[in-house]
Amino acid sequence: MSGVSITRLNSSAESFNQQLDELLKWEAVSNLNVNQTVAEIIAQIRLHGDEALIKYTNQFDRLSVNSINELAISPEALQAALEQISPEQKQALIEAANRIRQYHEEQKSCSWQYAELDGTILGQQVTPLDRVGVYVPGGKAAYPSSVLMNVIPAKVAGVKEVIMVVPTPDDQVNSLVLAAAAIAGVDKVFRVGGAQAVAALAYGTATIPKVDKVVGPGNIYVATAKRMVFGQVGIDMIAGPSEILVVCDGQTNPDWIAMDLFSQAEHDEDAQAILISPDSSYLEAVERSINKLLPEMERAEIIRQSLSCRGALIQVTDIDEAIEITNRIAPEHLELSIENPEQYLPVIRHAGAIFMGRHTPEALGDYCAGPNHVLPTSGTARFSSPLGVYDFEKRSSIIHFSAKGATKAGQVASVLARGEGLTAHARSAEFRIDKQSMGE
């Protein structure tokens with residue numbers, strides 16, 4: 001296998017900004033052909049429901065089912081899967097679930113109210129969504145961690161019903177995924193995937209209930225379907241390729257950092273792994289580690305292509321400049337493999353998750369650290385946050401005026417409404433004005 005030809009950049013170069021822009025460039029997740037295909041699938045699901053769902057599932061997943069009931073997985077089957085996996089796997093799932101649950105319990109929002117002097121009460125009521133759909137990729141790939149990360153926050157928020165969809169191409173049912181569903185408390189599971197599963201969750205069929213929000217990762221067809229049904233239901237985000245940005249002062253074992261870069265590069269060829277350091281000799285040491293360790297990796301070719309096409313080793317003048325570039329990149333995963341990383345935390349404005357210190361690899365966050373691994377990608381950490389309990393809650397404003405409060409506020413509303421030419425608004429407020437209390 002050939003070595004990795006990874007891009008080397010230097011922040012002092014005149015063309016650095018342009019080179020960095022080119023490195024970070026990522027096209028939208030969709031294209032015209034995919035859009036047309038997904039739009040047709042959604043239309044057919046809306047028109048024909050379960051019948052279309054069976055047709056597409058047989059076609060795309062190479063199944064031969066005749067009834068939607070054959071695509072349902074019972075609670076008993078989930079429990080059976082939990083007992084079938086190895087004791088080591090079961091314990092790992094339970095420990096990861098406990099850590100994830102404990103972390104997300106801290107995110108729960110509370111309703112609140114306050115009273116004004118005239119007796120008017122204002123506040124906010126927080127309530128969970130009624131029903132959520134969780135999409136889990138299936139087939140040969142097993143993503144039990146995605147089940148835990150998407151389902152547990154919903155359950156912590158108090159969502160009454162969680163519907164999970166997972167494709168099983170060629171009838172490959174993954175026991176780890178089903179076991180994770182049992183541990184997380186999924187209410188219903190269906191063996192469907194692709195754009196057709198997203199459409200079924202968004203619009204409902206005779207068998208699959210309509211949900212309020214669809215969350216979870218998927219391929220380009222799933223991402224495009226989520227974008228198209230947004231508005232009919234809520235969605236978590238449109239995720240791009242996985243990313244990691246490591247800032248290192250040159251004192252961490254270069255083999256460790258090389259493997260941290262691999263941990264995201266192995267996802268797919270479009271994943272992005274970047275290392276920033278002020279130490280040029282250290283960047284060279286990491287590059288040697290990359291080429292030394294790459295032949296050992298099961299997904300070596302994917303890693304090689306990812307690092308060659310979208311990876312980079314960036315030399316900067318100091319750690320302060322590294323943080324400036326970090327904020328510009330707004331990475332999904334940020335590793336601060338430096339001494340005293342806490343001192344830089346206040347100046348990091350844009351990152352999905354921040355892994356601090358030399359002993360905190362991103363891989364721990366993917367499985368069992370506790371915080372959610374569903375994170376904003378492609379620079380969207382500038383305005384987006386990790387998936388959390390708050391994504392499964394909604395807030396209602398509480399407004400309860402007293403008679404005295406309505407008199408005072410009514411005068412304000414009347415002036416503003418008449419200024420906007422909305423007479424009915426003004427008169428509605430004026431009807432509540434107590435003129436006697438105004439001294440008339």
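How are helix 6 and helix 7 oriented to each other, roughly parallel or roughly perpendicular? With the model open, which is a predicted one, select residues 144–157 for helix 6 and residues 175–184 for helix 7, whose axes come within 9 Å and cross at roughly 15 degrees. Because angles under 35 degrees count as roughly parallel, helix 6 and helix 7 are therefore roughly parallel to each other.

**The contact between helix 6 and helix 7**

Keep both helices displayed and add their side chains: on helix 6, the residues to pick out are P144, V147, L148, V151, I152 and K155, which meet L176, V177, A180, A181 and A184 of helix 7. If you then look along the contact, the way in which helix 6 passes helix 7 is a right-handed crossing.

**A second helix pair**

Next select helix 3, residues 50–61, together with helix 8, residues 194–203; their axes lie 9 Å apart and the two helices pack at an angle of about 160 degrees. That angle makes helix 3 roughly antiparallel to helix 8, and the crossing of this pair is left-handed. At the contact, L53, Y56, T57 and F60 from helix 3 meet Q196, A197 and A200 from helix 8.

**Strand 11 and its partners**

Hide the helices and move to strand 11, residues 272–277, where six of the six residues are buried, so that the strand is largely enclosed by the rest of the structure. Colouring the side chains by direction separates Q272, I274 and I276, which point one way, from A273, L275 and S277, which point the other way, with all of them buried.

Now bring in strand 10, residues 243–248, which pairs with strand 11 in the parallel sense over five bridges; a useful position at which to centre the view is V247, which stands opposite I276 in strand 11. To follow the chain from strand 10 to strand 11, display helix 10, residues 254–265, through which the chain crosses in a right-handed β-α-β crossover. Strand 12, residues 312–315, can be added as well, since strand 11 and strand 12 also pair in the parallel sense, here over four bridges, and S277 stands opposite Q315 in strand 12.

**From strand 10 to strand 13 and strand 14**

Return to strand 10 and select strand 13, residues 333–337, a strand that is mostly covered, with five of its five residues buried. Its two faces can be inspected separately: H333, E335 and S337 lie on one side, L334 and L336 lie on the other, and all are buried. Strand 10 and strand 13 run parallel and are joined by four bridges, with L245 opposite L334 in strand 13. Continuing from strand 13, select strand 14, residues 353–356, which runs parallel to strand 13 and is joined to it by four bridges; the bridge partner of L336 in strand 14 is M356.

**The three-stranded open sheet**

For the last stop, display strands 3, 4 and 15, which form an open sheet in the order 3-4-15 with antiparallel pairing. Strand 3 (112–115) and strand 15 (393–400) stand at the edges, and because each has a single partner strand, one side of each is left without a neighbour in the sheet. From one strand to the next, the twist averages 15 degrees. Finally, zoom in on strand 3 and strand 4, residues 121–128, which pair in the antiparallel sense over four bridges, and locate A115, whose bridge partner in strand 4 is I121.

How values were computed: Residues numbered from 1 in each chain as written. Predicted model: local features only at pLDDT ≥ 70, side-chain atom pairs only at ≥ 80, totals over all residues. Heavy atoms only, no water. Buried < 20%, exposed > 50% of the residue type's maximum accessible area, 1.4 Å probe, protein only. Pairing = 2+ DSSP bridges. Right-handed = clockwise from strand over helix to strand, strands pointing away. Axes fitted to C-alpha atoms, helices over the stretch in contact; angles between N-to-C directions. Parallel < 35°, antiparallel > 145°, perpendicular 65-115°, else oblique. Left-handed = near helix turned anticlockwise from the far one by under 90°. Contact = heavy atoms within 4.5 Å.
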